[in-house]
Amino acid sequence: MADPTTPMDTPTAAEVASIASPINLVLLALLILLAYMRLRPAPPVTLPKGPPPTVFRTFTPPELKPFNGENNMPVYLAVRGRVFDVTPGRNFYGPGGPYENFAGRDASRGLASGSFDEDMLTKNLEGPLDNLDGLGPEEMDALMGWEERFSEKYLVVGKLVAVGSEGTG
């Protein structure tokens, strides 16, 4: 028989110490820390500020000229009467870029012929728009390709009309 002075269901000292051991306390703290890190609220997402709204408007060649990227102005160019905001491509169309001659101008003839020279641009801004006479079928196809590329990549912000015809159309 058992000794009546020691109760049978009293746990031994080794059993009591195993639950509250230092390693168990460290693991419990680590579990609580991981649960907190996983369940804590995320900081609110802030979206970047969008560009200011652009109003579709009618431009004449002299009105389009200042939009050449200088003095912190946006960069616009016209292709077949449509004015595109090419400011996102400022490295190409703005000051110092390979296509800078087209900024603020009607670039149709130069793009069609593949020439980026100043002589491809209309000299008289007060005169009629370039009707693209003298361009061959290959040049017109090239121009259509440029226009399609601009339409896919940039916003149309207006149309180009000759001086004196702003009120019509």
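**Stop 1: the largest pocket**

Start at the largest pocket, which holds about 170 Å³ of space. This is a predicted model, so keep in mind that every value on this tour is computed from it. To see the pocket wall, select Pro 51, Pro 52, Thr 54, Pro 74, Tyr 76, Asp 85, Thr 87, Pro 88, Lys 153, Tyr 154 and Leu 155. Try colouring these residues by type: the lining divides into seven nonpolar, two polar and two charged.

**Stop 2: the paired strands**

Now switch to a cartoon view and select strand 2, residues 76-79, together with strand 3, residues 82-85. These two strands pair in the antiparallel sense over four bridges. They form a hairpin with two residues between them. Click on Arg 80 in the turn: its phi is positive, at about 50 degrees. Then select Leu 77, whose bridge partner in strand 3 is Phe 84.

Next, add strand 4, residues 155-160. Strand 3 pairs with strand 4 in the antiparallel sense, again over four bridges. Which residue of strand 4 does Phe 84 stand opposite? Select Val 156 and you have found it. Further along, Arg 82 stands opposite Lys 159 in strand 4.

Keep Lys 159 selected and bring in strand 1, residues 57-59. Strand 1 and strand 4 run parallel and are joined by three bridges. Here Thr 58 stands opposite Lys 159.

While you have the strands in view, here is a handy idea: in a regular strand the side chains alternate between the two faces of the sheet.

**Stop 3: the nonpolar cores**

Turn on the side chains and select Leu 77, Val 79, Val 86, Tyr 93, Phe 102, Leu 111 and Phe 150. The largest nonpolar core has 19 residues, and these seven touch the most other members. Strand 2, helix 5 (108-113) and helix 6 (137-153) each supply at least two residues of this core. Which of the helices gives the most to the core? Helix 6 does, with three residues.

Now centre the view on Phe 150. Leaving aside residues up to four places away in sequence, Phe 150 touches Leu 77, Val 79, Phe 84, Val 86, Tyr 93 and Leu 111. You have already met Leu 77 and Phe 84 as bridge partners.

Apart from this core lies another one, of eight residues. To find it, select some of its members, including Phe 59, Ala 78, Val 157 and Leu 160.

**Stop 4: the cavity**

Rolling a probe the size of a water molecule over the atoms shows where empty space is left. The structure holds one cavity of 30 Å³ or more. How much space lies in the largest cavity? About 110 Å³. Of the 14 residues that line it, select the closest to its centre: Pro 61, Arg 105, Asp 106, Thr 122 and Leu 125. The full lining divides into seven nonpolar, four polar and three charged residues.

**Stop 5: Lys 65**

Finish by selecting Lys 65, in the loop between helix 3 (61-64) and strand 2. Lys 65 counts as partly exposed because its relative accessibility is 34%. Not counting residues up to four places away in sequence, Lys 65 touches Gly 104, Arg 105 and Leu 125. You saw Arg 105 and Leu 125 at the cavity, among the residues closest to its centre. For a last step, draw a line from the C-alpha of Lys 65 to the C-alpha of Phe 102: they are 37 residues apart in sequence and 9.7 Å apart in space.

Definitions and conventions:
Residues numbered from 1 in each chain as written. Predicted model: local features only at pLDDT ≥ 70, side-chain atom pairs only at ≥ 80, totals over all residues. Heavy atoms only, no water. Core = buried A, V, L, I, M, F, W, Y, C linked by side-chain atoms within 4.5 Å. Buried < 20%, exposed > 50% of the residue type's maximum accessible area, 1.4 Å probe, protein only. Contact = heavy atoms within 4.5 Å. 1 Å grid on protein atoms, 1.4 Å probe; cavity = no way out; pocket = protein on both sides within 12 Å on 5 of 7 lines; lining within 4 Å. Points joined across faces, edges and corners; volume = space filled by probe spheres on them. Nonpolar A, V, L, I, M, F, W, Y, C, P; charged D, E, K, R; others polar. Pairing = 2+ DSSP bridges.
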